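Reader: I have a structure to read and don't know where to begin. Can you take me through some features, step by step?

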Amino acid sequence: MGFSGFQVIKEALLGQKGWAPMWRDPEPKAEYDIVIIGGGGHGLATAFYLAKEHGLTNIAVLEKGYLGGGNVGRNTTIVRANYMLPGNSEFYSHSLKLWEGMEQELNYNVMHSQRGLINLFHSDGQRDAFVRRGNAMINQGDDAVLLDTDSVRDLLPYLDFENVRFPIYGGLLHPRGGTARHDAVAWGYARGADQRGVDLIQNCEVTSIDVTAGRVTGVQTTRGAIRAKKVAMVTAGRSGRVAAMAGIRLPIESHILQAFVTEGLKPCIDHVISFGMGHFYISQSDKGGLVFGGDLDFYASYAARGNLPMKEHVMEAAMTLMPMIGKARVLRSWGGIMDMTPDGSPIIDKTGIEGLYLDCGWCYGGFKAVPGSGFSFAHLIATDRHHEPAAKFRLDRFKTGVGLMDEESTGSQHNLH
Ligand SMILES: Cc1cc2nc3c(=O)[nH]c(=O)nc-3n(C[C@H](O)[C@H](O)[C@H](O)COP(=O)(O)OP(=O)(O)OC[C@H]3O[C@@H](n4cnc5c(N)ncnc54)[C@H](O)[C@@H]3O)c2cc1C
């Protein structure tokens with residue numbers, strides 16, 4: 001089904017009864033050229049770009065639950081390209097450009113809103129670090145503007161500028177940063193892949209990966225065996241467990257990240273804001289809810305719910321930065337499982353098993369990476385060559401120590417990235 005202004009008006013007048021399902025619900029075939037494990041943002045985007053850019057359509061995406069039910073539908077929807085280190089900066093820059101053309105490419109409204117992202121700083125040292133980051137972003141071809149206290153006050157008058165512990169010295173504005181509707185991104189890629197002939201198979205959990213003589217031959221699933229020439233693992237918070245099915249031990253720890261949303265309010269926060277002295281970031285959704293989050297829960301877990309001390313920490317940070325938020329009622333909170341690498345940067349690579357590919361380690365920043373990751377991973381699967389913007393996301397960097405991209409300079413402790 002195509003979308004057009006005419007169609008939307010027609011359906012509004014006719015009670016929204018004429019919309020067809022956005023993708024088919026096919027039975028799995030016995031064999032595909034490519035099987036993608038994981039129907040999250042990255043898996044669906046990979047399938048879409050394999051079909052669109054490489055003409056490969058004999059593909060199945062196998063999803064153990066429903067499409068978009070994982071982290072792609074659980075995040076705080078921030079989209080940005082404000083990375084500093086070579087490797088990350090060119091990749092996220094490429095990804096942001098794909099975001100900017102996504103709605104046209106998919107003919108789907110993903111509500112991408114480039115409302116500007118402001119990283120606040122609260123000390124001279126922090127300002128120096130952000131100046132450096134801003135220059136790196138500009139050198140990469142992205143946008144960055146350094147704001148002093150008064151400029152921040154003009155844009156965000158409701159912040160507590162007089163806080164004695166955390167005075168606001170200024171901010172680094174990334175005007176092209178913003179948010180998008182997370183579910184719509186999954187749905188848009190799903191629809192685009194389905195339209196090109198990809199089979200999207202839900203309620204189909206991969207339980208093992210078949211490998212014969214060093215080559216992948218297929219997967220076993222809860223809906224039967226499926227043979228495949230190539231298998232791609234894109235399972236985010238379950239990366240370690242899925243790779244273990246092929247005997248691969250990944251340098252990944254899985255940690256919970258929580259998020260929160262308040263009741264709907266009139267528009268009051270126009271930007272995405274990130275507090276520099278506590279882990280806290282916030283934006284306002286188009287429905288009016290204030291969407292915010294903080295740091296990881298600091299223990300490894302596969303439970304998609306969080307602990308109370310982190311909730312307390314996030315609320316304290318919120319009250320410190322913008323006391324007005326104390327009047328809003330929190331509607332709900334939730335958690336998602338992050339696949340944390342030791343350097344906080346992702347992996348897009350082949351494995352030691354022929355025909356088996358890996359895309360994981362997106363930590364808490366993989367939503368903004370969805371188009372870039374899908375594009376680069378599709379390139380790798382189709383051509384067996386790395387796509388240039390993602391060429392540094394190699395798995396063996398954790399073995400050799402060469403080429404690590406420790407964006408936060410926190411060393412090799414997974415939960416500190
Ligand atoms: C609270 C929170 C806030 C976040 N905020 C941001 C943000 O603001 N900006 C940002 O860029 N990123 C953010 N992220 C991170 C981002 O959401 C993730 O990095 C990204 O969504 C992960 O990729 P994905 O979409 O493919 O994952 P998922 O949607 O989790 O997809 C993986 C899929 O694999 C499926 N799967 C797993 N095992 C199997 C199996 N054995 N067989 C079949 N299927 C399987 C799962 O069911 C799942 O649907 C946030 C995450 C959370 C939880």
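Author: Start with the vocabulary. Helices and strands are DSSP runs, numbered from the N terminus. Note too that this model is predicted.

Reader: Where does Leu14 lie?

Author: Leu14 sits in a loop. Helix H1 (5–13) and strand E1 (31–37) flank that loop.

Reader: Is Leu14 buried or exposed?

Author: Use the cut-off: exposed means over 50% relative accessible area. Leu14 has 53% relative accessibility, so Leu14 counts as exposed. Leu14 also belongs to a nonpolar surface patch, along with Ile9 and Leu13. Together they have about 360 Å² of accessible area.

Reader: Now the ligand. Which residues come nearest?

Author: The ligand has 37 residues around it. Glu63, Asn71, Val72, Thr76 and Lys368 come nearest.

Reader: What classes of residue make up the shell around the ligand?

Author: There are 16 nonpolar, 15 polar and six charged residues.

Reader: Which elements supply at least two residues of that shell?

Author: Helix H2 (41–54), strand E12 (253–264) and strand E16 (330–340) each do. E12 gives the largest share, three residues.

Reader: How do I read polar contacts with the ligand?

Author: Look for a pair of N or O atoms within 3.5 Å. Here, a ligand oxygen is 2.8 Å from a polar backbone atom of Asn71. A ligand nitrogen is 3.0 Å from a polar backbone atom of Val206. For Gly365, a polar backbone atom is 3.1 Å from an oxygen of the ligand.

Reader: How much of the ligand's accessible area does the protein cover?

Author: On its own, the ligand has 1,000 Å² of accessible area. The protein covers 96% of that area.

How values were computed. Residues numbered from 1 in each chain as written. Predicted model: local features only at pLDDT ≥ 70, side-chain atom pairs only at ≥ 80, totals over all residues. Heavy atoms only, no water. Near = heavy atom within 4 Å. Polar contact = N/O pair within 3.5 Å; in protein donor to acceptor, adjacent residues only side chain to side chain. Areas by Shrake-Rupley, 256 points an atom, 1.4 Å probe, with all protein chains shown as cover. Helix = DSSP H or I, 4+ residues; strand = E, 2+ residues; numbered from the N terminus. Nonpolar A, V, L, I, M, F, W, Y, C, P; charged D, E, K, R; others polar. Patch = residues over 30% accessible without salt bridge, like charges linked within 9 Å, V, L, I, M, F, W, Y side chains within 5 Å. Salt bridge = Lys/Arg side-chain N within 4 Å of Asp/Glu carboxyl O. Buried < 20%, exposed > 50% of the residue type's maximum accessible area, 1.4 Å probe, protein only.
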